[in-house]
Amino acid sequence: MPRRTLVLASASPARLGLLRAAGFDPLVLVSGDAEDGVAGLPAPEAARTLAARKASAVARRLAPAVAAGAVLMERTGGAPLPVHDGTLVLGCDSVLSFAGEVRGKPRGCDQAVAWWRGYRGRSGTLVTGHAVVEVGSGRTAAGVAQTTVRFGDPGDAEIDALVATGEPLAVAGGFTIDGRCGPFVDGIDGDHGTVVGLSLPTFRALVGELGVAVSELWAP
């Protein structure tokens, strides 16, 4: 079998950056699926469901190319990669479990401000769902990673300035730790990657369930 091709079913630059830093250089194909339909589900189930939906949607788009034989797909700024029946699609989605609520991205600035004012001095759990689909066989492995996040105590003016940057509007729970939000997070208990949006140990475990070593997915 040719070297395994990895496809990231996410537009998140943070997830792509994590994978590249770890030696992977995936194709990026965004599923376009709406992040809805999970109201009422516990945070782990909501995150896993959304991740599986993304990965499955992209795998279905690739299936005709695989059935037609090895096809080279061009990547912006990178060499072509072969798409074959051993291609793996990785989908991820994150939510924040906080005070009995499951939070995705804020609906607007007012909600982001209200959330941050409520976070001060408290903790939540960032839950990231992961799903890996092997395109040719359709085999799937899915799981979640959870990390406790301990928030700081930013003042109202700091929160207003943070939300005005737009950063909190693009991320689950209205925060991350690898950008402007970072100074307002006192610490975490668990895997840093989970909060950024992709747990590399969880990814390794899931591809292992499919009989694949992560080294088969490293860039040459």
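Just past helix H4, Gly166 adopts a positive phi of about 90 degrees. This comes from a predicted model, and the helix that leads up to Gly166 is a handy place to start looking around.

Helix H4 covers residues 156-164, and Ile159, Leu162 and Val163 are its buried residues to look for. Viewed down the axis of H4, the buried residues fall within an arc of 95 degrees, so they line one face of the helix. The spacing fits a general rule: an α-helix has 3.6 residues a turn, so residues three or four places apart point the same way. Flip to the other side of H4 and the picture changes, with Ala157 and Ala164 exposed. As for what sits over the buried residues of H4, the cover includes helix H3 (109-119).

Then there is the matter of empty space. Rolling a probe the size of a water molecule over the atoms shows where such space is left. Here, the largest pocket comes out at a volume of about 570 Å³. Its lining is made up of 29 residues, and those closest to the pocket centre are Ser12, Arg15, Lys105, Ala170 and Val171.

Which helices and strands supply at least two residues each to that lining? They are helix H1 (13-21), strand E5 (88-98) and helix H5 (192-196). H1 gives the largest share, with three residues. Sorted by class, the lining of the largest pocket is a mix: 12 residues are nonpolar, nine are polar and eight are charged.

Notes:
Residues are numbered from 1 along each chain as its sequence is written. This is a predicted model: local features need pLDDT of at least 70, side-chain atom pairs count only at pLDDT 80 or more; totals for chains, interfaces and linings use all residues. Side-chain values use heavy atoms; hydrogens and water are left out. On a 1 Å grid over the protein atoms alone, a cavity is a set of points where a 1.4 Å probe fits but cannot get out, and a pocket is an open set with protein on both sides within 12 Å along at least five of seven lines; lining residues have an atom within 4 Å of a point. Grid points are joined across faces, edges and corners, and a volume is the space filled by probe spheres set on the points. Helices (H or I, at least four residues) and strands (E, at least two) are DSSP runs, numbered from the N terminus. Ala, Val, Leu, Ile, Met, Phe, Trp, Tyr, Cys and Pro count as nonpolar, Asp, Glu, Lys and Arg as charged, and the others, Gly among them, as polar. Buried means under 20% relative accessible area, exposed over 50%, partly exposed in between (1.4 Å probe, protein chains only). The arc is that of the directions from the helix axis to the C-beta atoms. Contact means heavy atoms within 4.5 Å.
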